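Okay, thanks for coming, everyone. Have the sequence and the model up on your screens, and I'll talk you through what caught my eye.

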Amino acid sequence: MNRDAQLIECLESDRETLIDFKNGTDDLENRLSSWKGRNCCQWQGISCKNRTKAVIAIDLYLNHIHNMMILLIGLVSLKHLVMRGVNLSMANSLEEESFDSLIEGGEGVFHTASPVIISPTVLQAEVIDPAVKGRRNVRRSCIKFSSVKRVVVTSSIVGQGSQILENVVYRFVDVRDVACAHIQAFEVASASGRYILVGNVTNNVGISKILEELYPDLSLPERWENEKPPLPIHCVSSEKAKGLDIDFISLELSFRDTVECFKEKGFLIM
């Protein structure tokens, strides 16, 4: 709890989100007994920001949390989440059987780790081997144990920027939606096959307009690649993703939160 928690009255939307989170947990040891009343900034394990009154950190010791990311998605200012009932272990993705002890006895496996190196020194060793061999070793460990009911694997595409706006169309998905989709892909019984998560599609004209409206002082590239008209926007079906009950975050909110995060961490000075 903040030292100044008594002086801060939390946002009502954050309080409602935390109540939903509390109702969605099996609090067998009654660790959330302080979670009552109007001011959630006074609740055990909750930290709020003085200026905005928003919840920015949660530090708890809880087990048996279902749909955790979905329940907390409403906390848009949340920066730190510590669940002390979660065990963290290390494995070498290049070593066979390295994942055996981690996977044994588990029901679900989420394989999200793959190296993203913009300018690798040795492509094979730094990018290809960890990605290919790592996925292979995880798969082999999963096959060994009959307790594993479902495996969720993630792949991604990365792009680079420049001082000239490339004449391309981008497909966006907020990382918070990706996190929710992982949980849903495991917990929704009917989930199967491949899910393409695309929340928004736009070109550089659309991106520039959104950023200029949100941040008029932000320095953006002014020249187009080859000075050609921007490519038309296409559509990507989200029908299958609806089966995971994903309500995609808007591009405006995603951009705003990204810029604010960069500013807070000193990556972007405006």
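**A walk around the model**

Let's start on the surface, where K49, R51, K79 and K265 gather in a patch of positive charge. Keep in mind as we go that this is a predicted model. Take K49 from that patch: you'll find K49 in the loop between strand 1, residues 46–48, and strand 2, residues 55–60. Is K49 buried, partly exposed or exposed? Its relative accessibility is 32%, so K49 counts as partly exposed.

While we're in that loop, have a look at K53, which also lies between strand 1 and strand 2. The phi angle of K53 is near 70°, which is a positive value in a residue other than glycine. K53 counts as partly exposed because its relative accessibility is 40%.

There's another one like that, further along the chain. D245 has phi near 60°, again positive and again not a glycine. D245 sits in the loop between helix 6 and helix 7. With a relative accessible area of 64%, D245 is exposed.

Okay, let me zoom out for a second. How many helices and strands does the protein have? Seven helices and seven strands. If you read along the sequence, the order goes α-β-β-α-β-α-β-α-β-β-α-β-α-α. There are 270 residues in the protein, and 31% of them are buried. On the outside, the protein exposes about 17500 Å², with carbon and sulfur atoms supplying 51% of that. And here's one on the fold: take the contacts with a separation of 6 or more, and 72% of them come from residues 24 or more positions apart.

Now for salt bridges. The count comes to eleven, and I'll show you a few.

First up, E96 and R140 form a salt bridge, with the closest N and O atoms 3.2 Å apart. That pair links distant parts of the chain: E96 is in the loop between strand 3, residues 80–83, and helix 3, residues 100–103, while R140 is in helix 4, 44 residues away. As for how open they are, E96 counts as exposed at 51% relative accessibility, whereas R140 is partly exposed at 38%.

Next, K144 and D100. Their side chains meet in a salt bridge at 2.8 Å, N to O. This pair also links distant parts of the chain, with K144 in helix 4 and D100 in helix 3, 44 residues apart. Which way does each one go, buried or partly exposed? K144 counts as partly exposed, at 44% relative accessibility. D100, on the other hand, is buried, with a relative accessible area of 14%. The cut-off for buried is under 20%, so D100 makes it.

Staying with helix 4, which covers residues 123–144, V132 is found there too. V132 joins L123 and I128 in a nonpolar surface patch of about 250 Å². V132 itself is exposed, with a relative accessible area of 53%.

Let's hop back to the loop between helix 6, residues 204–214, and helix 7, because that's the place of E239. The side chains of E239 and K242 meet in a salt bridge, 2.9 Å from N to O. Both E239 and K242 are exposed; for E239 the relative accessibility is 53%. E239 also has a partner in space worth pointing at: Y195 is 44 residues away in sequence, but the C-alpha atoms of the two are 9.7 Å apart.

Last stop, and this one goes beyond a single pair. Which residues are linked in a network of salt bridges? They are D174, R176, R256 and D257. Let me pick out D257, which is in helix 7, residues 251–264. D257 counts as buried, because its relative accessibility is 14%. If you leave aside its neighbours within four places in sequence, D257 is in contact with V76 and R176. So keep R176 on screen: R176 is in contact with D257, and R176 is in the network as well.

That's my tour. To recap the two surface patches, one is the positive patch of K49, R51, K79 and K265, and the other is the nonpolar patch of L123, I128 and V132. Happy to spin the model around if anyone wants another look.

Terms used. Residues numbered from 1 in each chain as written. Predicted model: local features only at pLDDT ≥ 70, side-chain atom pairs only at ≥ 80, totals over all residues. Heavy atoms only, no water. Patch = residues over 30% accessible without salt bridge, like charges linked within 9 Å, V, L, I, M, F, W, Y side chains within 5 Å. Areas by Shrake-Rupley, 256 points an atom, 1.4 Å probe, with all protein chains shown as cover. Salt bridge = Lys/Arg side-chain N within 4 Å of Asp/Glu carboxyl O. Lys, Arg positive; Asp, Glu negative; His and termini not counted. Charge placed at Lys NZ, Arg CZ, Asp CG, Glu CD. Helix = DSSP H or I, 4+ residues; strand = E, 2+ residues; numbered from the N terminus. Buried < 20%, exposed > 50% of the residue type's maximum accessible area, 1.4 Å probe, protein only. Contact = heavy atoms within 4.5 Å.
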